[in-house]
Amino acid sequence: MANISIAQRPISSPFGLIGTDENALSAALAWTFRCCPVLLRWFLQQVGITGIATREFLDAEIELQRYERRGSSSGLTDIEIRLDDDVHVVIEAKVGPAVPSLEQCRKYARRLRHSRAARKKLVALVQSADLTFTDKYAQSSSEMGELLSLVTWQQVFDECRRLAISKSTDSETRIWCRYLTDFLQQEYAMKSFSTEAWILAASTEPLWENGLSHWDIHQQYKLWWDYTEIHVRPLYLAFRAAGKLDRIWRVKQIEHDVLVGDFVPPLKKHGPLLATKPATIWHLDPSVPLQRTLKTGPGMYNRRVRCDLDLLLSCGTVQEIEETMRSRRG
């Protein structure tokens with residue numbers, strides 16, 4: 001497929017055509033809700049609105065940037081969702097460390113107060129690691145406690161990715177959920193990673209006589225593939241080969257349910273079982289050398305380690321990294 005860009009900015013999904021700011025992000029989510037009723041149904045279930053059949057969401061009204069003035073108060077909402085006189089949801093979307101202010105939430109609560117809908121919710125959709133603000137706001141009034149709910153972009157990303165690769169999902173839902181995950185992960189650069197670094201063991205044994213090893217393939221074709229741990233989203237991959245680790249690769253794209261042979265042609269001839277089995281592939285940028293070489297350490301064998309990036313710079317062995325991460329998590 002041909003490459004396309006706007007002002008030298010590569011585009012990997014239709015959503016990239018409208019930009020990469022917060023308005024574009026809200027619009028991308030709203031459009032995906034429109035095309036994927038099953039995702040909209042899931043979203044509302046997260047905030048306690050249940051018992052609605054997926055087909056009923058085909059009649060939902062989804063509005064972006066609705067402006068309303070009531071007395072001396074006015075406001076512009078990111079996304080509003082209505083379903084007859086049953087459901088009215090206002091979504092305030094934030095990215096980075098930002099969260100909605102208490103005054104913002106109070107303003108939207110006043111707006112919902114005048115809604116005729118039987119079930120009303122104000123949803124804070126955030127990326128922030130601080131998720132305690134909803135409890136604090138709820139203490140300001142009983143109404144706020146009933147109205148305000150929290151959903152994270154990470155939850156949305158995970159559900160979209162699940163729907164995009166699920167064989168039980170209809171084709172249109174898979175397509176639009178894949179577009180949204182690509183937009184979040186590549187163009188918008190949402191921090192949708194599950195770990196900063198993932199340390200993997202790479203075999204140096206040839207896969208066929210005088211042929212390539214896994215380690216050769218990772219270096220030559222700049223990818224890693226796996227059939228089981230398909231939900232790991234690292235910022236960086238680090239391979240330990242022949243007992244040492246001396247460089248890292250930034251992950252630039254993750255593809256699910258694809259054939260490795262399409263990216264590593266020699267496997268089609270010499271490793272047909274590997275080439276024709278659907279896998280998840282992590283595509284990599286060129287490697288970056290570490291300041292010093294790390295050894296594996298005793299007893300690690302083929303163990304995989306997820307860790308914070310700084311430990312690759314401060315520890316002497318992969319075993320020490322694993323022990324330090326265990327202490328941090330504890």
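User: What is the volume of the largest pocket?

Analyst: Happy to help! In this predicted model, the largest pocket has a volume of about 700 Å³.

User: What makes a residue part of the lining of that pocket, and which ones lie nearest its centre?

Analyst: A lining residue has an atom within 4 Å of a pocket point. The lining holds 25 residues, and S12, S13, D182, Q186 and Q253 lie nearest the centre. Two or more residues come from each of α6, α7 and β11 (244-259), with α7 giving the most, 6 residues.

User: Why are 12 residues of this lining called nonpolar?

Analyst: They are called nonpolar because each belongs to the set Ala, Val, Leu, Ile, Met, Phe, Trp, Tyr, Cys and Pro. The rest of the lining divides into 8 polar and 5 charged residues.

User: Now the inside of the protein. Why are the 41 residues called a nonpolar core?

Analyst: The name fits because they are buried residues of nonpolar types, joined through side-chain atoms within 4.5 Å, and buried means under 20% relative accessible area. Among the 41, F43, I91, L125, W153 and V156 touch the most other members. The elements giving two or more residues include α1 (22-35), β5 (87-93) and α6 (153-165); α1 gives the most, with 7 residues.

User: How do you know that I91 touches F33?

Analyst: Contact means heavy atoms within 4.5 Å, so the pair meets that cut-off. Leaving out residues up to four places away in sequence, I91 also touches F43, D78, I79, I81, V123 and L125.

User: Which residues does the second, separate core include?

Analyst: That core has 17 residues, A197, I199, I248 and V318 among them.

Definitions and conventions
Residues are numbered from 1 along each chain as its sequence is written. This is a predicted model: local features need pLDDT of at least 70, side-chain atom pairs count only at pLDDT 80 or more; totals for chains, interfaces and linings use all residues. Side-chain values use heavy atoms; hydrogens and water are left out. Buried means under 20% relative accessible area, exposed over 50%, partly exposed in between (1.4 Å probe, protein chains only). Helices (H or I, at least four residues) and strands (E, at least two) are DSSP runs, numbered from the N terminus. On a 1 Å grid over the protein atoms alone, a cavity is a set of points where a 1.4 Å probe fits but cannot get out, and a pocket is an open set with protein on both sides within 12 Å along at least five of seven lines; lining residues have an atom within 4 Å of a point. Grid points are joined across faces, edges and corners, and a volume is the space filled by probe spheres set on the points.
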